[in-house]
Amino acid sequence: MTDDWGTQQGTFVSKKILDEFFVPRYKKIFDAIHARGWHVILHSCGRVNAFVPTFIELGVDVLNMQQPQDYGLVDFGEQFRGKVCFLATVDIQSTMPRGIEEKVREEARLLVEHWSTPAGGMIAFDYGDWPALGVQPEMPRIMFDEFAKLMNFWVGQGV
């Protein structure tokens, strides 16, 4: 599902509209997806923090999140990790376009530390059209290099 639900400041609609109009429809769709043995993957850019508990209750298995800076990367992860899997990338609107290697590496580390768990829960992914965002060609390689270095982050953490 590729339903963007937010802007950088908040959601497009109120929680009341989500609950009254969209939740019953999503429930039918998500139940049908699960009945086929598939996972529900929901994409949304923007600050959708207020809707995430509802998405999880509805059965979203994977949240595709591309703007971790908008969600409040650390707080967002602490609140929702372990409850849903994240399909995530270093922020596509701030960190990646700025092209500062250490900032890209730092955000990748923060994502792994705060959005994943010892059991998993985070999938690093490729945005797919970096030139459209003005991202320097080496930045995705740097990002994935850092994610690769962190594959065993939780090993030996005593968790």
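Me: Two strands pair if DSSP finds at least two bridges between them. What makes strand E3 and E4 a pair?

Reply: This is a predicted model. In it, strand E3 (residues 85-88) and E4 share 3 bridges. The cut-off is at least two bridges, so the two strands count as paired. They run in the parallel sense. Alanine 88 stands opposite alanine 124 in E4.

Me: Which order do the strands of the open sheet take?

Reply: The order is E1-E2-E3-E4, with 4 strands and parallel pairing. From one strand to the next, the twist averages 20°.

Me: What makes E1 and E4 the edge strands?

Reply: Strand E1 (41-43) and strand E4 (122-124) each pair on one side only.

Me: How do you know that cysteine 45 is in no disulfide?

Reply: Look at the sulfur atoms. The nearest cysteine sulfur belongs to cysteine 85 and lies 17 Å away. A disulfide needs two cysteine sulfurs within 2.5 Å, so cysteine 45 is in none. Cysteine 85 gets the same verdict, with the sulfur of cysteine 45 as its nearest, 17 Å away. The structure holds 0 disulfides.

Me: Why is cysteine 45 called buried?

Reply: Its relative accessibility is 11%. Buried means under 20%, so the word applies to cysteine 45. Cysteine 85, at 18%, is also under 20% and therefore buried.

Me: What makes lysine 16 and glutamate 20 a salt bridge?

Reply: Their closest N and O atoms are 3.4 Å apart. The limit is 4 Å, so the contact between lysine 16 and glutamate 20 qualifies. The two residues sit 4 residues apart in helix H1 (residues 15-35), which means a separation of about one helical turn.

Me: Why are lysine 16 and glutamate 20 called exposed?

Reply: Lysine 16 has a relative accessible area of 56%. Glutamate 20 has a relative accessibility of 53%. Exposed means over 50%, so both residues qualify.

Me: How do you know that aspartate 31 and lysine 27 meet in a salt bridge?

Reply: The N to O distance is 3.0 Å. That is within 4 Å, so aspartate 31 and lysine 27 count as a salt bridge. Both lie in helix H1, 4 residues apart, about one turn of the helix.

Me: Why are aspartate 31 and lysine 27 called partly exposed?

Reply: Aspartate 31 is at 36%. Lysine 27 is at 40%. Partly exposed covers values between the 20% and 50% cut-offs, so both residues fit.

Me: What makes glutamate 78 and arginine 81 a salt bridge?

Reply: Their closest N and O atoms are 3.4 Å apart. The cut-off is 4 Å, so glutamate 78 and arginine 81 pass. Glutamate 78 is partly exposed at 40%. Arginine 81, at 24%, is partly exposed too.

Me: Which residues do salt bridges that share partners join into one network?

Reply: Glu101, Glu102, Arg105, Arg109, Asp145, Glu146 and Lys149. The structure holds 11 salt bridges.

Me: Which residues are closest to the centre of the largest pocket?

Reply: The largest pocket has a volume of about 200 Å³. Of its 16 lining residues, the closest to the centre are Val112, Ser116, Met122, Leu150 and Met151. E4 gives the most to this lining, with 3 residues.

Notes. Residues numbered from 1 in each chain as written. Predicted model: local features only at pLDDT ≥ 70, side-chain atom pairs only at ≥ 80, totals over all residues. Heavy atoms only, no water. Buried < 20%, exposed > 50% of the residue type's maximum accessible area, 1.4 Å probe, protein only. Axes fitted to C-alpha atoms, helices over the stretch in contact; angles between N-to-C directions. Salt bridge = Lys/Arg side-chain N within 4 Å of Asp/Glu carboxyl O. 1 Å grid on protein atoms, 1.4 Å probe; cavity = no way out; pocket = protein on both sides within 12 Å on 5 of 7 lines; lining within 4 Å. Points joined across faces, edges and corners; volume = space filled by probe spheres on them.
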